[in-house]
Amino acid sequence: MTLLKVGCVYKDPVSKEIVNLEGDVVQIKRPEMVISSHPSIRVDRQRNRLQVAEAMAEARSAAERGDLSRAVSILEVRRNSLVESVAGKAGDRLCMALDAELKEMQERMASWQRYEASGRAYVLSGLSSHSWQRATARGDSTDSTSLVQSYQTPSMVNMLARSQTLSPTSAQRRVHPPVRPARSFQAQPQPSDFVSL
């Protein structure tokens, strides 16, 4: 399969001639027939992540239309396919986290009151997290035992742990430099402020 053809055309600064260089063709060589294939867990993990984000969006749409049972059903179907995926069967941590996240969403869609109280915000936070591939602050984000910690970097985990171990008394004991009052301009110009010419 040909991906692209590389070439270059430029003007030689000394001779002022146009030089045309033919490059190579970049190709992917695929076999005519695949005898055995071992799916990549890394590829399957990302496919699962995208499919979970799509399921979240579909479930949110159903929930906003007032069809919570349909929303829960969409999430359940995705959870089942997640467990049956290559990465899911291999015990991949991201797949386990995605499954835990979908389960939490299902529980927050148990009733309309629960959905309005916390479910909607939880789903929107999850959608934002997956669309930007960034960690978000949710009800479970401070729980270090929770599986739902997608996209947290080691430094984020470290900072969160440090913030939780900081007690109010140790924060009060910190020595801060005294705050000096800000200087302001005089309200009325003084006669000494003017210079005679």
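The exercises below work through the helix packing and selected residues of a predicted model.

**Exercise 1. Describe the secondary structure and the burial of the protein chain.**

Solution. Start with the elements: the protein chain has 7 helices and 2 strands. Next, read their order from the N terminus, which is β-β-α-α-α-α-α-α-α. Then turn to burial: of the 197 residues in the protein chain, 23% are buried. Finally, take the contacts in the protein chain with a separation of 6 or more; residues 24 or more positions apart account for 48% of these.

**Exercise 2. Determine how α4 and α5 are oriented, and list the residues that make their contact.**

Solution. Helix α4 covers residues 93-107, and helix α5 covers residues 112-132. The axes of α4 and α5 are 9 Å apart, and the packing angle is about 155°. Angles over 145 degrees count as roughly antiparallel, so α4 is roughly antiparallel to α5. The crossing of α4 past α5 is left-handed. On the α4 side, the contact is made by Leu98, Glu101, Glu104, Met105 and Glu107. On the α5 side, the residues are Arg114, Tyr122, Val123, Gly126 and His130. Sorted by type, the residues of this contact of α4 with α5 comprise 4 nonpolar, 2 polar and 4 charged.

**Exercise 3. Describe the crossing of α1 and α5 and the make-up of their contact.**

Solution. Helix α1 spans residues 41-64. The α1 and α5 axes come within 10 Å and cross at roughly 150°. The crossing of α1 and α5 is left-handed. From α1, the contact draws on Arg49, Ala53, Met56, Ala57, Arg60, Ala63 and Glu64. From α5, the contact draws on Trp112, Tyr115, Arg120, Val123, Leu124, Gly126, Leu127 and His130. The residues of the contact of α1 with α5 divide into 9 nonpolar, 2 polar and 4 charged.

**Exercise 4. Find the aromatic pair, classify its geometry and assign the accessibility of each partner.**

Solution. The count comes to 1 aromatic pair. The ring centres of Trp112 and Tyr115 are 5.5 Å apart and the ring planes stand at 35°, so the pair is tilted. For this class, the planes must be neither under 30 degrees apart, which would be stacked, nor over 60, which would be edge-to-face. Both residues lie in helix α5, 3 residues apart, which is about one turn of the helix. The partners are then assigned by accessibility: Trp112 has 30% relative accessibility and therefore counts as partly exposed, whereas Tyr115, at 0%, counts as buried. Both Trp112 and Tyr115 also belong to the contact of α5 with α1.

**Exercise 5. Place Asn48 and Val86 in their helices, state their accessibility and list their contacts beyond four places in sequence.**

Solution. Take Asn48 to begin with: this residue is found in helix α1. The relative accessibility of Asn48 is 3%, so Asn48 counts as buried. With neighbours within four places in sequence left aside, Asn48 is in contact with Leu82, Ser85, Ala87, Cys95 and Leu98. Leu98 is also one of the α4 residues in the contact with α5.

Val86 lies in helix α3, residues 86-89. The relative accessibility of Val86 is 35%, so Val86 counts as partly exposed. Not counting residues up to four places away in sequence, Val86 touches Pro39, Ile41 and Asp44. Between Val86 and Arg45, the separation is 41 residues in sequence and 8.3 Å in space, C-alpha to C-alpha.

Conventions:
Residues are numbered from 1 along each chain as its sequence is written. This is a predicted model: local features need pLDDT of at least 70, side-chain atom pairs count only at pLDDT 80 or more; totals for chains, interfaces and linings use all residues. Side-chain values use heavy atoms; hydrogens and water are left out. Rings of Phe, Tyr and Trp (its six-membered ring) pair if their centres lie within 6.5 Å; planes under 30 degrees apart count as stacked, over 60 as edge-to-face and the rest as tilted. Helices (H or I, at least four residues) and strands (E, at least two) are DSSP runs, numbered from the N terminus. Buried means under 20% relative accessible area, exposed over 50%, partly exposed in between (1.4 Å probe, protein chains only). Axes are lines fitted to C-alpha atoms, for helices over the stretch in contact, and angles run from 0 to 180 degrees between N-to-C directions. Angles under 35 degrees count as roughly parallel, over 145 as roughly antiparallel, 65 to 115 as roughly perpendicular and the rest as oblique. A crossing is left-handed if the near helix is turned anticlockwise from the far one by less than a right angle, and right-handed if clockwise. Contact means heavy atoms within 4.5 Å. Ala, Val, Leu, Ile, Met, Phe, Trp, Tyr, Cys and Pro count as nonpolar, Asp, Glu, Lys and Arg as charged, and the others, Gly among them, as polar.
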